[in-house]
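Could you walk me through the inside of this protein, from its strands to its pockets and charged pairs? Here is a friendly tour to read alongside the model.

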Amino acid sequence: MLLALILLFLHLFAGTAVAWRPWPNHNVNATDLQFGSSKKFEGSSEFVHLRYHMGPVLTENITVNIIWYGTWQRAQKKIIREFINSISARDAKRPSVAGWWRTVTLYTDQTGSNISRSLHLAAEKSDRFYSHGKKLTRLSIQSVIKSAVTAKTKPLPINPKSGIYLLLTSDDVYVQDFCGQVCGFHYFTFPSIVGYTLPYAWVGNSAKLCPGVCAYPFAVPDYIPGLKPLKSPNGDAGIDGMISVIGHEIAELATNPLVNAWYAGTDPVFPVEIADLCEGIYGTGGGGSYTGQLLDGGDGATYNMNGIRRRFLVQWLWSHVLSYCTGPNALDQ
């Protein structure tokens with residue numbers, strides 16, 4: 001009982017890492033956004049002590065199981081599927097999503113086994129009737145996952161060892177702390193609710209609720225005058241904004257699935273993980289509020305890596321080998 005109460009506290013009250021997004025309570029201006037901060041050049045710092053806390057990481061072939069909660073367009077699903085399928089694709093044009101994932105695979109467990117290079121989409125479940133309503137809490141999210149893995153018809157497979165469960169909510173669903181504190185988060189399910197301990201992540205489509213926060217830089221909040229949004233690579237600012245958050249959460253699920261593996265700091269209630277350290281950094285020179293050097297497509301769209309057939313803008317990740325944030329479009333690659 002005591003352990004259950006501790007886990008519940010961690011899940012409900014765990015803080016989010018300090019990383020850059022145009023949150024409504026931040027005092028930023030267009031000049032800061034344009035030129036960034038030299039104090040945090042590409043996230044490099046000798047004060048970051050990311051270390052391994054002896055917990056498991058995902059070293060076997062990783063399977064991603066998606067729950068589509070709410071109303072989704074076919075084209076939106078296709079963009080997200082192609083990003084996930086690009087993670088293990090070896091034939092994509094450089095800089096590639098697979099090159100971005102290479103940083104994740106450098107992390108190991110206590111036996112020296114690396115995180116798997118293989119990650120693929122396994123199964124999907126649609127909940128288009130909003131079975132748990134249009135307002136979800138962190139705990140009701142676990143109930144949504146339970147419904148998906150225990151459904152009478154085509155339940156999602158149970159894979160506690162190398163499976164991750166991705167709950168994606170449509171643009172008319174509000175989740176606890178969405179837009180004000182988080183654009184997504186990850187944790188693990190409680191056996192008392194779901195019946196299994198399963199690493200999962202939630203990411204929401206912010207297109208209607210807060211695109212200027214969670215779909216930045218493809219949308220800009222009204223309280224930052226003089227800054228123009230960038231053109232998204234797949235023509236859907238909400239979905240293109242989700243892609244980077246999905247990448248963020250999947251990378252942290254692989255390296256810290258039970259919140260006891262790779263993170264900085266000594267308090268697991270407030271873990272700073274490999275994507276938290278680099279949020280808002282997408283290219284060389286990035287830091288503070290400046291995204292870094294990006295790539296421009298012939299159609300005017302902005303991106304930093306290639307998938308199988310599409311282009312994406314995905315934040316960089318912390319390399320414990322280099323001790324700074326890096327990505328496949330880095331000028332030193």
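What follows is a short report on strands, empty spaces, salt bridges and a few surface spots.

## A covered strand and its partners

Please keep in mind that this is a predicted model. A good place to begin is strand β5, residues 163-169, where 7 of 7 residues are buried. The cover extends to both faces of β5: Gly163, Tyr165, Leu167 and Thr169 are buried on one side, and Ile164, Leu166 and Leu168 are buried on the other.

Strand β5 is paired with two strands described here. Strand β2 (residues 62-69) runs parallel to β5 and is joined to it by 7 bridges. If you want to find this pairing on your screen, look for Tyr69, which stands opposite Thr169 in β5. Strand β8 (residues 199-204) is also parallel to β5, with 5 bridges between the two. Here Leu167 has Trp202 in β8 as its bridge partner.

## An antiparallel neighbour

Strand β8 leads us on to β7, as 5 bridges join these two strands in an antiparallel arrangement. Within this pairing, His186 has Ala201 of β8 as its bridge partner.

Strand β7 covers residues 184-188, and 5 of its 5 residues are buried. On one side these are Gly184, His186 and Phe188, while Phe185 and Tyr187 are buried on the other.

## Empty spaces

Now for the gaps between the atoms. Rolling a probe the size of a water molecule over the atoms shows where empty space is left. The second largest pocket has a volume of about 380 Å³. A total of 17 residues line this pocket, and those nearest its centre are Ala98, Gly99, Arg102, Pro328 and Gln333. Helix α4 gives the most to this lining, with 4 residues.

There are also 2 cavities of 30 Å³ or more in the structure. The second largest cavity has a volume of about 50 Å³. Among the residues in its lining are Arg21, Cys214, Tyr216, Asp240, Tyr282 and Leu313. Helix α7 (residues 237-255) gives the most to the lining of this cavity, with 3 residues.

## Charged pairs

How many salt bridges does a search of the whole structure find? The count is 8. One of them brings the side chains of Asp172 and Lys134 together, at 3.4 Å from N to O. Asp172 lies in the loop between β5 and β6 and Lys134 in the loop between β3 and β4, so this pair ties together parts that are 38 residues apart in sequence. Asp172 is partly exposed, with a relative accessible area of 25%, and Lys134 is also partly exposed, at 43%.

A second salt bridge joins the side chains of Arg138 and Asp177, with an N to O distance of 3.6 Å. This pair links helix α5, which holds Arg138, to the loop between β6 and β7, where Asp177 sits, 39 residues apart along the chain. Both Arg138 and Asp177 are buried. In another salt bridge, the closest N and O atoms of Asp299 and Arg311 are 2.9 Å apart. Asp299 is in the loop between β10 and β11 and Arg311 is in strand β13, 12 residues apart. Are the two partners buried or partly exposed? Asp299 is partly exposed, with a relative accessible area of 41%, whereas Arg311 is buried because its value of 19% falls under the 20% cut-off. Finally, Glu82, Arg309 and Arg310 form one network through salt bridges that share partners.

## Spots on the surface and in loops

Leu106, Val321 and Leu322 make a nonpolar surface patch of about 250 Å². Of these, Leu106 is found in the loop between α4 and β3, and counts as partly exposed at 39% relative accessibility.

Two other loop residues are worth a look. Thr137 is in the loop between β4 and α5 and is partly exposed, with a relative accessible area of 37%. The C-alpha atoms of Thr137 and Asp177 are 8.6 Å apart, with their positions 40 residues apart along the chain. Pro268, in the loop between β9 and β10, is partly exposed at 34% relative accessibility. From C-alpha to C-alpha, Pro268 and His53 are 9.8 Å apart in space, although they are 215 residues apart in sequence.

Definitions and conventions
Residues are numbered from 1 along each chain as its sequence is written. This is a predicted model: local features need pLDDT of at least 70, side-chain atom pairs count only at pLDDT 80 or more; totals for chains, interfaces and linings use all residues. Side-chain values use heavy atoms; hydrogens and water are left out. Patches are made of residues with over 30% relative accessible area and no salt bridge: like charges are joined within 9 Å, nonpolar side chains (Val, Leu, Ile, Met, Phe, Trp, Tyr) within 5 Å. Accessible areas come from the Shrake-Rupley method with a 1.4 Å probe; for residues, only the protein chains shown count as cover. A salt bridge is a side-chain nitrogen of Lys or Arg within 4 Å of a carboxyl oxygen of Asp or Glu. Buried means under 20% relative accessible area, exposed over 50%, partly exposed in between (1.4 Å probe, protein chains only). Two strands pair if DSSP finds at least two bridges between them. On a 1 Å grid over the protein atoms alone, a cavity is a set of points where a 1.4 Å probe fits but cannot get out, and a pocket is an open set with protein on both sides within 12 Å along at least five of seven lines; lining residues have an atom within 4 Å of a point. Grid points are joined across faces, edges and corners, and a volume is the space filled by probe spheres set on the points.
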